[in-house]
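This report introduces a protein structure to a reader who has not met it before. It treats charged pairs, strands and packed helices in turn.

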Amino acid sequence: MQSIPPGPPLRVVLGSPRGFCAGVERAIETVERALIMHGAPVYVRHEIVHNARVCAELREKGAIFVEDLADVPPRSVLIYSAHGVPISVETAADAAGHRVIDATCPLVAKVHKNGRRYAAEGRQVILIGHRGHVEVEGTLGQVEAEVATVASVAEVEALPFPCDARIAYITQTTLSVSDTRAVIEAIAARWPDTVGPETRDICYATQNRQEAVRAIAADVELILIVGARNSSNSNRLVEIAAAAGCAAHLVPEPGDLDPAWLEGVTRLGISAGASAPESLVRETVARLAAWREITVETREGVREDIAFRLPRTVDDAAMDTHLCNAPPISRAAG
């Protein structure tokens, strides 16, 4: 039995909700069902979600992740990731005869729909998001009109549109209401004729996870965010904790934990990005328990009961029996 190093007991507070959101659950289950229905390999355009552990487990089952459709043999089973794809990818997939399964998160698809509708109304569309993010690139490629991308008030002020322009804004789903508030206010202040989606159209999971981190930040000395380095929402949770005055670190894998972070710490919070499996949270807690005597409690937060219907091509009730025999990827908690 491993001895516990000397040091005061460590109180660990788990944020809730944390981990997988409904869109991530849907995307992962889509790949799992496609593998059962069609057999390996199935091809996935981009990482299905931004988490190395999730993608590694799906690779073991027969999923192949690609960035370029040129790497996909003709007439293959091709799955679009939760982040969505540009129209150009859809066109190329059709030309190659691929059997396409669209796992785009329904909330991302709604952003695409809103962007197209606003453009069709003759409005100048502004996308609030981070250039280069795969979701943003997909959204830009779904709106067949000029779309300006901004991430700050300063970038809004630099836009060249006249003051009487008819404006519409849409947002990257991994940004919360609080993330976008100042930018939206700057857009509306500069262009009186501005429209945008209702608050309920903003990604609920992003907002809930940020509020959960804020809730525990006041009660702990350090917060660990379990999530991938390329996960926008996970990195944002680290920033949220820091802005609340709490030290914070991103933990892609439990092996990335640094014992030095715990020096002088007796109260520690843990949460996870929307693409991080609960198994990583459990392993992180176990690693802490190997170093210190710990007690674990869960801080109750908003209860999420949203579930998205699977893509029609894999939404078959007869699949349920088969899926019971397939080892699942650890789901979310909270």
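Arg299 is partly exposed, because its relative accessibility is 23%. This value, like the others in this report, comes from a predicted model. The side chain of Arg299 meets that of Asp219 in a salt bridge, with 2.8 Å from N to O. Arg299 belongs to the loop between strand S13 (294-298) and helix H11 (319-324), whereas Asp219 belongs to the loop between H8 and S10, so that the pair links distant parts of the chain, 80 residues apart.

**Salt bridges**

In general, side chains of opposite charge can pair when their charged atoms come close. A search of the whole structure gives 19 salt bridges. Three of these pairs, including the one just described, are set out below with the computed separation of their N and O atoms.

| Pair | N to O | Separation in sequence |
|---|---|---|
| Arg11 and Asp219 | 2.8 Å | 208 residues |
| Arg236 and Asp179 | 2.6 Å | 57 residues |
| Arg299 and Asp219 | 2.8 Å | 80 residues |

Asp219 also forms a salt bridge with Arg11. Arg11 is located in strand S1 (residues 10-14), and Asp219 in the loop between H8 and strand S10 (222-226), so this pair too links distant parts of the chain. Arg11 has a relative accessible area of 25% and is partly exposed. Asp219 is likewise counted as partly exposed, at 25% relative accessibility.

The pair of Arg236 and Asp179 joins two helices. Arg236 lies in helix H9 (residues 232-243) and Asp179 in helix H7, so the salt bridge ties together parts of the chain that are 57 residues apart in sequence. Is each partner buried or partly exposed? Arg236 is partly exposed, with a relative accessible area of 24%, while Asp179 is buried, with a relative accessible area of 17%. The cut-off for a buried residue is under 20% relative accessible area.

Salt bridges also link Arg117, Glu121, Arg123, Arg166 and Asp193 in a network.

**Strand S4 and its partners**

Strand S4 (residues 77-80) sends Val77 and Ile79 one way and Leu78 and Tyr80 the other way, and all of these residues are buried. S4 pairs with strand S2 (residues 42-45) in the parallel sense over three bridges. In this region Tyr43 stands opposite Leu78 of S4. S4 also pairs with strand S5 (residues 99-102), again in the parallel sense, over four bridges. The bridge partner of Ile79 in S5 is Ile101.

**The sheet of four strands**

In which order do the strands of the open sheet of four strands stand? The order is S7-S6-S8-S9, and the pairing is parallel. Strand S7 (147-150) and strand S9 (194-195) are at the edges, and each has a single partner strand, so one side of each is left without a neighbour in the sheet.

Strand S6 (residues 124-128) and strand S8 (residues 167-171) run parallel and are joined by five bridges. Ile128 has Thr171 as its bridge partner in S8. Helix H4 (residues 106-120) packs on this sheet and touches S6, S8 and S9, with a direction that makes about 170° with that of S8. H7 packs on the sheet as well, touching S6, S7, S8 and S9, and its direction makes about 160° with that of S6.

**Packed helices**

Two packed helices are described by the angle between their axes and the distance between the axes. Helix H7 (residues 177-190) packs with helix H8 (residues 204-217) at an angle of about 105°, and their axes are 9 Å apart. The two helices are therefore roughly perpendicular to each other. On H7 the contact involves Val177, Ser178 and Asp179, and on H8 it involves Gln207, Gln210 and Arg214. By class, this contact comprises one nonpolar, three polar and two charged residues.

Helix H1 (residues 22-38) and helix H2 (residues 52-61) pack at an angle of about 10°, with a distance of 10 Å between their axes. That angle makes H1 roughly parallel to H2. Ile28, Val31, Glu32 and Leu35 of H1 make the contact with Val54, Leu58 and Lys61 of H2. By class, the contact of H1 with H2 has five nonpolar, no polar and two charged residues.

Notes
Residues are numbered from 1 along each chain as its sequence is written. This is a predicted model: local features need pLDDT of at least 70, side-chain atom pairs count only at pLDDT 80 or more; totals for chains, interfaces and linings use all residues. Side-chain values use heavy atoms; hydrogens and water are left out. Axes are lines fitted to C-alpha atoms, for helices over the stretch in contact, and angles run from 0 to 180 degrees between N-to-C directions. Angles under 35 degrees count as roughly parallel, over 145 as roughly antiparallel, 65 to 115 as roughly perpendicular and the rest as oblique. Contact means heavy atoms within 4.5 Å. Ala, Val, Leu, Ile, Met, Phe, Trp, Tyr, Cys and Pro count as nonpolar, Asp, Glu, Lys and Arg as charged, and the others, Gly among them, as polar. A salt bridge is a side-chain nitrogen of Lys or Arg within 4 Å of a carboxyl oxygen of Asp or Glu. Buried means under 20% relative accessible area, exposed over 50%, partly exposed in between (1.4 Å probe, protein chains only). Two strands pair if DSSP finds at least two bridges between them.
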